[in-house]
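Grab a pencil and work through these exercises with the viewer open. Try each task yourself before you read its solution.

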Amino acid sequence: MDIIVVGGGIAGIVSALLLADNHHVTLIERADSLGGLLQTRKMDNDLSFDFGTHVPRKTGIEELDQVLFGNIDNSKWNEFEFLEVGNYYKGRLNKDSQFINTQMLEKEEYYKGLVELLNTSIIENESELNANDYLEKTFGKTFKEKIFEPILLKLYGEELNDLNSRAHLLFGYGRLICGNQLMTNHLKESVFYDNKIANTSNAIGASFKKSLYPKTPGINQWIESLEDLLNQKKVRIIKGISIDKAVFDNSGNIIEIELNNGEKLHSDLITWTIPINIFSELIEGPLEKNQTEKKFRAVGLFDFEFDKQFQCNNHYIYCNDEHMKSFRITLYSNLSDSNRNTCTVEVIDNYENLLNLSIDIIVEELKDMGIINIDSKVLFSNKQILKNGFPISFMDFYGNDISLQEKLQDQVNNVLFFGRNSKEFFMEEVLSSLYYKLINSGL
Ligand SMILES: Cc1cc2nc3c(=O)[nH]c(=O)nc-3n(C[C@H](O)[C@H](O)[C@H](O)COP(=O)(O)OP(=O)(O)OC[C@H]3O[C@@H](n4cnc5c(N)ncnc54)[C@H](O)[C@@H]3O)c2cc1C
């Protein structure tokens, strides 16, 4: 078959690799390079910064992991049993866990919140609830108000009533630390509490799936190894070009794709890994088009090199202080073998606020959090803003693209939809999902 894969992010690359053994595959990427969000920005002074934290983890699916990591030079990569994720909350840097420790609240709030959490009930209609109701039913009123509400307001700039029940998950706030490890162990014996209560340390109950990062910083090296594999498998890669038009036959099959350089490509099957609304716009004829437009927060990437080592060994750290601007800090020298003390601080805000946000404020926050020494000097800094950086998880965002996908799938026979959507956001879930969809399709 002639298969066209649209989008050269990790979803498009991996779809093309999985399909290339049995088919003629053409991969179309609008940008001049592959990788999508897995990009490395190379600076003139030999420093490399990713778009924040993009550290691949093995999926546990042997065939898929072979495709993903079989072509990397292991001697040039670090492997981690688990990632050392930390978080800063209420004036304390917790180097052992990404999860918020409820014991950092005022004593009375903590006890009240704990009793409420223990008294929560099973939720039946999760997807119909807004974030306010979902978080209150899951974690209790006090933890919702004192912990989730201020943090999600900082990150989304929206009230909990307007956000959906999964909004907190996109930032990794799925669980809370609620007490010491002995109490945690007992509570975690129940699946009900296991889903909301976090272990006190990343090391406890760590997944068997290893994470990887190059010894010399830059996740682009992964993309390069995959692009090399695409070439070995004779996938035709078209970069810097996007699709202008899709031509249908009478039975609802796309038979031809027209590119914006005028080239026409025959297709037996399309694998679509870019936003679904672009698909419905491309198609002439009576196809479903009405989808609520997605809204985004801008993401500021503040890159630094410091003269002194970081004061922690964490690979990355979430800043959960509602008054600080920082969201997440990726410490490349802790992920790699580099002796240059580099990091990227991601800030999620509206575009104008990010334009006005000075680098000095972020440096002060890194000092206040205890990530850099109070005497640390900035050797290099760089600021970049991604306008459509992070999707806002409004009520109508949840599942909207999935239902549009289903409708379009009914109208078009020869298209498969993969890639990031409202239910699959993180790299590992995007990749596992596309793998199983491909297996089930028999291709
Ligand atoms: C701010 C942010 C932080 C994140 N942090 C994490 C994290 O910590 N861990 C994690 O696992 N995941 C994280 N993710 C999610 C992760 O980035 C995605 O799961 C992954 O990148 C999805 O890959 P994709 O191929 O679906 O999409 P993308 O990486 O977006 O790739 C889509 C590609 O399609 C191309 N394209 C778009 N339009 C066209 C067109 N018309 N024609 C041709 N090509 C086109 C784009 O140029 C791009 O290369 C984060 C995402 C964001 C936005």
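Strands here are DSSP runs of E with at least two residues, numbered from the N terminus. One more thing before you start: this is a predicted model.

**Exercise 1. Find the strand that holds Val347, then decide whether Val347 is buried or exposed.**

Step 1: Look up the position. Val347 belongs to strand S19, which covers residues 341-349.

Step 2: Check the accessibility. Buried means under 20% relative accessible area. Val347 has 0%, so it counts as buried.

Step 3: See what surrounds Val347. Skipping neighbours within four places in sequence, its contacts include Ala298, Val299, Gly300, Phe302, Phe327, Leu354 and Ile362.

Step 4: Try a distance. Val347 and Gly140 sit 207 residues apart in sequence, and their C-alpha atoms are 28 Å apart in space.

**Exercise 2. Work out which strand Glu305 is in, and which residues it is in contact with.**

Step 1: Glu305 falls in strand S16, residues 296-306.

Step 2: The relative accessible area of Glu305 is 8%, and the cut-off for buried is under 20%, so Glu305 is buried.

Step 3: Now list the contacts, again leaving out neighbours within four places in sequence. Glu305 meets Leu47, then Arg340, Asn341 and Thr342, and also Lys377, Val378, Leu379 and Phe380.

**Exercise 3. Describe the largest nonpolar core: how many residues does it have, and which ones have the most contacts inside it?**

Step 1: The count for this core is 90 residues.

Step 2: Ile10, Tyr156, Leu163, Phe171 and Trp222 have the most contacts inside the core.

Step 3: Ask where the residues come from. Helix H1 gives the largest share, eight residues.

Step 4: Zoom in on Phe171. Not counting residues up to four places away in sequence, it touches Leu152, Leu155, Tyr156, Tyr318, Phe327, Ile348 and Phe390.

Step 5: Don't stop there, since another core lies apart from this one. That other core has 24 residues, including Phe306, Phe310, Cys319 and Leu357.

**Exercise 4. Which residues line the largest cavity, and how do they divide by class?**

Step 1: Count cavities of 30 Å³ or more. The structure holds one.

Step 2: Note the space in the largest cavity, about 40 Å³.

Step 3: Name the lining: Asn87, Tyr89, Arg92, Asn94, Asn101 and Met104.

Step 4: Match the lining to elements. Strand S6 (85-89) and strand S7 (92-94) supply at least two residues each.

Step 5: Sort the lining by class. You should get two nonpolar, three polar and one charged.

**Exercise 5. Do the same for the second largest pocket: what lines it?**

Step 1: The space in this pocket is about 180 Å³.

Step 2: Its lining is made up of Leu17, Leu18, Leu19, Asp21, Asn22, Glu63, Val67, Lys233, Tyr435, Leu438, Ile439 and Leu443.

Step 3: Three helices give two or more residues to that lining: H1 (10-19), H2 (62-69) and H14 (427-441).

Step 4: By class, you'll find eight nonpolar, one polar and three charged residues in the lining.

**Exercise 6. Look at phi for Asp46 and Lys90. What is the sign of each?**

Step 1: Recall the background. Most residues other than glycine have a negative phi.

Step 2: Read off Asp46. Its phi is positive, about 75 degrees, although Asp46 is not a glycine.

Step 3: Place Asp46. It sits in the loop between strand S3 (40-42) and strand S4 (48-50), and its relative accessibility of 69% counts as exposed.

Step 4: Turn to Lys90. Phi is positive here too, near 50 degrees.

Step 5: Place Lys90. This residue is in the loop between S6 and S7, and at 42% relative accessibility it is partly exposed.

**Exercise 7. Where is Leu169 found, and what does it touch?**

Step 1: Leu169 is in the loop between helix H5 (141-156) and strand S9 (176-177).

Step 2: Its relative accessible area is 30%. Partly exposed lies between the 20% and 50% cut-offs, so Leu169 is partly exposed.

Step 3: Beyond residues up to four places away in sequence, Leu169 touches Gly174 and Phe426.

Step 4: Compare sequence with space. Leu169 and Phe425 are 256 residues apart along the chain, while 9.6 Å separates their C-alpha atoms.

Terms used:
Residues are numbered from 1 along each chain as its sequence is written. This is a predicted model: local features need pLDDT of at least 70, side-chain atom pairs count only at pLDDT 80 or more; totals for chains, interfaces and linings use all residues. Side-chain values use heavy atoms; hydrogens and water are left out. On a 1 Å grid over the protein atoms alone, a cavity is a set of points where a 1.4 Å probe fits but cannot get out, and a pocket is an open set with protein on both sides within 12 Å along at least five of seven lines; lining residues have an atom within 4 Å of a point. Grid points are joined across faces, edges and corners, and a volume is the space filled by probe spheres set on the points. Helices (H or I, at least four residues) and strands (E, at least two) are DSSP runs, numbered from the N terminus. Ala, Val, Leu, Ile, Met, Phe, Trp, Tyr, Cys and Pro count as nonpolar, Asp, Glu, Lys and Arg as charged, and the others, Gly among them, as polar. A nonpolar core is a set of buried Ala, Val, Leu, Ile, Met, Phe, Trp, Tyr and Cys residues joined through side-chain atoms within 4.5 Å. Buried means under 20% relative accessible area, exposed over 50%, partly exposed in between (1.4 Å probe, protein chains only). Contact means heavy atoms within 4.5 Å.
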